[in-house]
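Take a moment to turn the model around on your screen before reading on. Then let's walk through it together, from the overall picture down to a few single residues.

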Amino acid sequence: MSRTRVASLAVAAASVPLLLGGCGIQETDPVEAGGPATVEAFYNRDDDMMLFFRTPEGGLNPVLRTVGSSAGFGGDYVEPGSDTTPGPPPTEKTVLALLAGPRQEDRAAGLTTALPPARPGTTVTVETAPGGGTVTTNLPFPLNGLNATALRQLTCTIAYSRASDGKVVVRLRGQDGASSSDTCGLAP
């Protein structure tokens with residue numbers, strides 16, 4: 001290769017970035033495009049459980065679990081482990097699902113739990129006061145030592161299992177005899 005050709009190639013290679021940089025596109029600062037996308041889900045109390053898990057920021061996020069037949073599959077599909085009893089899933093079953101923790105897809109979305117895991121054979125009992133405005137749930141672990149997020153996870157999950165608007169007073173009773181009473185106060 002001749003010296004003239006090598007020099008010509010070097011000049012051409014050096015001018016390519018200059019030509020590309022001067023194509024008329026102005027440099028801009030990053031533009032804020034808003035918060036993360038949200039998806040609206042429809043809660044069907046007869047077929048779904050609403051569980052509340054902890055977000056990376058420390059808040060609560062509702063997650064729906066279908067337990068009845070799914071109309072999207074022609075009514076022939078039933079979620080594994082589901083029962084065929086009409087009406088909302090029992091609160092005991094909903095609390096046990098919460099204690100089972102977030103599923104893999106929930107964890108991939110950054111959701112976690114502040115609750116202890118349920119041991120095999122764990123039972124939960126629920127008592128409803130006359131008039132239905134208060135529900136007491138007996139839990140299979142001590143309440144002392146649970147943080148505010150864990151208590152809110154339980155309270156909101158139980159409240160929405162009992163009423164579609166979540167407006168129920170929830171009393172929690174632990175194995176240690178400790179109790180807590182609160183309302184959810186969240187609108188999922």
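What follows is a short tour of this chain, starting with the overall layout and ending with some individual contacts.

**The big picture**

First, a word of caution: this is a predicted model. The protein chain has 188 residues, and 32% of them are buried. Its secondary structure adds up to four helices and six strands. If you start at the N terminus and follow the chain, the elements come in the order α-β-β-α-α-β-β-α-β-β.

How much accessible surface does the protein chain have? The total is about 11,900 Å², and carbon and sulfur atoms account for 54% of that. Now think about contacts between residues at least 6 apart in sequence: 57% of them join residues at least 24 apart.

**How far to trust it**

The mean pLDDT of the protein chain is 78, with 66% of its residues at 70 or more. Where is confidence lowest, and where is it highest? The low end is helix H1 (residues 3–21), with a mean of 50, while the high end is strand E5 (residues 169–173), at 96. Over residues 34–39 the pLDDT drops below 50, and this stretch has zero contacts in the model beyond near neighbours in sequence. Residues 72–79 are also below 50, but that stretch has 11 contacts beyond near neighbours in sequence. Where pLDDT is low, the predicted coordinates should not be read in detail.

**Into the core**

In soluble globular proteins, nonpolar side chains tend to be buried together. Here, the largest nonpolar core has 34 residues. Which of them have the most contacts inside it? They are Val95, Leu115, Leu139, Phe141, Leu154 and Leu172. The elements giving two or more residues to this core are E1, strand E2 (60–66), H2, H4 and E5. Helix H4 supplies the largest share, with six residues.

Phe141 is a good one to click on. Leaving out residues up to four places away in sequence, Phe141 touches Leu99, Leu115, Pro116, Leu146, Leu154, Gly174 and Gln175.

**Helix H2 and its neighbours**

Helix H2 covers residues 91–99, and its buried residues are Thr91, Thr94, Val95, Ala97, Leu98 and Leu99. What do they pack against? Their partners are strand E1 (48–54), strand E3 (125–128) and helix H4 (148–162). Just after H2, Gly101 takes a positive phi of about 90 degrees.

Thr91 in H2 deserves a closer look. Its side chain makes a polar contact of 2.9 Å with the side chain of Ser161. Setting aside neighbours within four places in sequence, Thr91 is in contact with Val126, Ile158, Ser161 and Arg162.

**An aromatic pair and a cysteine**

A search of the whole structure turns up one aromatic pair. The ring centres of Phe52 and Tyr160 are 5.7 Å apart and their planes meet at 40 degrees, so the pair counts as tilted. This pair links distant parts of the chain, because Phe52 sits in strand E1 and Tyr160 in helix H4, 108 residues apart.

Helix H4 also holds Cys156. Apart from residues up to four places away in sequence, Cys156 touches Phe52, Leu60, Cys184 and Leu186. Along the chain, Cys156 and Leu186 are 30 residues apart, yet their C-alpha atoms are separated by 7.5 Å.

Are the residues we have just visited buried or exposed? Here are their values:

| Residue | Relative accessible area | Status |
|---|---|---|
| Phe52 | 1% | buried |
| Tyr160 | 4% | buried |
| Thr91 | 2% | buried |
| Cys156 | 1% | buried |

Each of these four counts as buried because its value is under 20%.

**One last stop: Arg107**

Arg107 is part of helix H3 (residues 104–108). A polar atom of its side chain lies 2.6 Å from the backbone oxygen of Pro102. Arg107 and Phe53 are 54 residues apart in sequence, and 9.7 Å apart in space, C-alpha to C-alpha.

Terms used
Residues numbered from 1 in each chain as written. Predicted model: local features only at pLDDT ≥ 70, side-chain atom pairs only at ≥ 80, totals over all residues. Heavy atoms only, no water. Buried < 20%, exposed > 50% of the residue type's maximum accessible area, 1.4 Å probe, protein only. Contact = heavy atoms within 4.5 Å. Areas by Shrake-Rupley, 256 points an atom, 1.4 Å probe, with all protein chains shown as cover. pLDDT = per-residue confidence, 0-100. Core = buried A, V, L, I, M, F, W, Y, C linked by side-chain atoms within 4.5 Å. Phe/Tyr/Trp six-rings, centres within 6.5 Å; stacked < 30°, edge-to-face > 60°. Polar contact = N/O pair within 3.5 Å; in protein donor to acceptor, adjacent residues only side chain to side chain.
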